[in-house]
Amino acid sequence: MKVIIVGAGLGGLACAIACCREGIDVVVLEKSPEAQEAGAGIQIPPNGGRIMRELGVFSKLLEKGAKVQEVEFRRYDDGHSLRIMPFGDDITHEFGVPWLIIHRADYHQVLLEEAIRLGVKFQWGATVENVLTDGPEVILAGGERVSGDVVIGADGIGSTVRNILLGDTVSLIETGDLAYRAVFKREQLEALNDDKVTELCQRVGVTSWLGPDKHTIFYPVRDGEELNLVLLRPDTFNQASHREKGDIYEMRESYADWDETLRKIISCVPSVDKWKLSNLPELPLWSKGAVALLGDACHPTLPYQAQGAAMAVEDGALIGKLLGLLQARFTKLEKDPSLSTNESTQNNIVSVLELYEHIRKKRTSRSVQGAIMNRKLFHMQDGLLRRIRDFLVRYAGVTRKSDWTWLSSFRQRQTLGHDVLEESTKLFEVWAATHLPVKSG
Ligand SMILES: Cc1cc2nc3c(=O)[nH]c(=O)nc-3n(C[C@H](O)[C@H](O)[C@H](O)COP(=O)(O)OP(=O)(O)OC[C@H]3O[C@@H](n4cnc5c(N)ncnc54)[C@H](O)[C@@H]3O)c2cc1C
């Protein structure tokens with residue numbers, strides 16, 4: 001089997017590794033002339049980490065990243081601490097995998113190196129302009145055609161593959177929020193000579209300030225040598241682009257009445273990227289023929305529970321697993337002439353991609369809705385409801401041990417604790433029982 005993956009983001013690379021580990025030939029087509037990821041941090045929650053362990057790269061990620069020891073929520077105006085949630089061993093104990101923080105470029109590099117080691121072929125500077133579901137086949141800018149048995153559209157939020165599968169019927173939904181993202185050197189903060197800032201820099205933890213319409217996330221990457229800051233606020237984009245260079249003065253102004261410690265940190269940011277945050281309506285389909293979508297191409301999300309990339313790598317790993325299981329069945333049955341025809345294989349690929357869509361839609365949709373709910377909780381206006389939230393946050397946790405509200409850890413267990421690959425193997429067996437003939441004798 002040969003799989004063509006459009007896009008070498010985190011989702012596309014996870015899919016490439018998963019397919020290659022199943023003995024499938026993989027070609028990745030990426031429009032950028034070279035490998036690149038945004039200069040920012042990323043959290044790898046346990047469900048994403050579990051996939052990385054399955055793909056054999058978790059220990060490398062652990063070397064380059066760090067285990068989150070705690071997550072703290074603070075008030076926006078005076079920096080008063082609302083709750084410090086213990087993560088560290090509690091998370092590993094409950095979910096079997098720690099919660100990591102890492103530089104995106106390092107995460108991307110680990111996946112890329114593993115894909116290359118396994119024999120994935122990359123074509124850089126290859127922009128996919130058209131996809132033919134019959135075949136299937138992709139057409140690159142310049143006219144080159146690349147064909148295979150499966151095409152995976154892992155081409156992110158502005159997906160060309162999605163536009164081709166669904167036509168103009170689907171357009172992005174603006175969430176009304178934007179993110180400023182910056183990574184900067186620790187020395188810049190230490191030069192402030194501020195005890196509170198220095199203490200924050202020494203933590204291997206995530207600190208978040210919550211305020212009306214806005215919140216922020218701060219954590220160290222690269223052994224604390226660099227610090228990652230994300231500021232989330234109402235949108236000021238006046239054009240359709242997803243990303244542009246941010247204005248530092250506009251950014252500082254937006255947080256002028258926020259906690260002094262945060263303002264000092266913001267004052268050190270040398271330059272910043274600005275990202276428009278969009279969702280999609282629930283898509284009528286993720287796959288057509290032997291072409292399917294994954295990650296931000298079909299379920300972009302507000303980054304308010306650190307799940308976008310985790311869901312994309314889950315998608316990718318699941319596609320690899322299902323196609324691998326299918327290929328293994330055909331290898332077993334190949335001596336049977338009635339099953340070895342191309343048509344039989346191709347029909348079953350189409351059906352397995354539909355199974356993938358069926359397995360993933362509910363989970364990813366719940367994740368997108370969870371982030372929308374977090375936005376409401378994080379961005380509350382001052383008043384009675386916010387005081388109730390603050391009271392509940394004081395008792396909330398991600399694990400059973402740290403959560404006295406029950407609700408919070410119950411919700412987290414569904415997202416962080418679920419083994420999607422085990423589930424997919426079981427569902428493949430159910431599918432195979434009705435779709436694949438069993439050899440008699
Ligand atoms: C501020 C912010 C913070 C976030 N924090 C987290 C976090 O902590 N944890 C988490 O799990 N998620 C987080 N996310 C979400 C996460 O970044 C995304 O969900 C994830 O990167 C999506 O990966 P992807 O592979 O689907 O798409 P992308 O990373 O967008 O990759 C798509 C690739 O396809 C290529 N491409 C596009 N069009 C074509 C074409 N026509 N031909 C060829 N190639 C093409 C692009 O160049 C790109 O390389 C955050 C997002 C934001 C905005």
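These questions and answers cover the domains, the ligand shell and the record annotations of a predicted model.

Me: Into which domains is the chain divided?
Reply: The model is predicted. One domain is built from three segments, 2-65, 104-172 and 283-435. The other runs over 174-279. The division is thus into domain 1 (2-65 + 104-172 + 283-435) and domain 2 (174-279).

Me: What distance separates the centres of domain 1 and domain 2?
Reply: The centres are taken over C-alpha atoms. Between domain 1 and domain 2 they are separated by 28 Å.

Me: How many residues does the contact take from domain 1 and from domain 2?
Reply: Contact here means heavy atoms within 4.5 Å. Domain 2 puts in 24 residues. From domain 1 the contact takes 26 residues.

Me: Why does the ligand lie between domain 1 and domain 2?
Reply: Look at who supplies the shell around the ligand. Domain 1 gives residues to that shell, and so does domain 2. The ligand lies between them because its shell draws on both domain 1 and domain 2.

Me: Which polar side-chain atom lies 2.6 Å from an oxygen atom of the ligand?
Reply: The shell holds 33 residues. Gly11, Glu30, Gln43, Arg104 and Asp296 are the closest. The 2.6 Å pair joins a ligand oxygen to a polar side-chain atom of glutamate 30.

Me: Which residue places a backbone N or O atom 3.0 Å from a nitrogen atom of the ligand?
Reply: Backbone atoms also approach ligand nitrogen. At glycine 308, a polar backbone atom is 3.4 Å from a nitrogen atom of the ligand. The 3.0 Å distance belongs to a backbone N or O atom of valine 128.

Me: What share of the ligand's exposed area does the protein bury?
Reply: Start with the ligand taken alone. It exposes 1,000 Å². Of that, the protein buries 87%.

Me: Which element gives the most to the shell around the ligand?
Reply: Elements giving two or more residues are α1 (10-21), β2 (25-30), β3 (41-44), β13 (173-185) and α11 (308-333). The top contribution is four residues. That element is α11.

Me: How many nonpolar, polar and charged residues does the shell around the ligand have?
Reply: Sort the shell by class. Six residues are charged and 12 are polar. The nonpolar class has 15.

Me: Which residues does UniProt list for "domain: FAD-binding"?
Reply: The entry is unreviewed. The end C-alpha atoms of the span lie 11 Å apart, and the span is 32% helix and 33% strand. UniProt lists residues 2-324.

Me: Which residues does the UniProt annotation "signal peptide" cover?
Reply: This annotation, too, comes from an unreviewed entry. Its span is 44% helix and 31% strand, with end C-alpha atoms 13 Å apart. The annotation covers residues 1-16.

Technical notes. Residues numbered from 1 in each chain as written. Predicted model: local features only at pLDDT ≥ 70, side-chain atom pairs only at ≥ 80, totals over all residues. Heavy atoms only, no water. Near = heavy atom within 4 Å. Polar contact = N/O pair within 3.5 Å; in protein donor to acceptor, adjacent residues only side chain to side chain. Areas by Shrake-Rupley, 256 points an atom, 1.4 Å probe, with all protein chains shown as cover. Nonpolar A, V, L, I, M, F, W, Y, C, P; charged D, E, K, R; others polar. Domains from an automatic or database assignment. UniProt positions renumbered as here; feature names shortened; annotations may be inferred.
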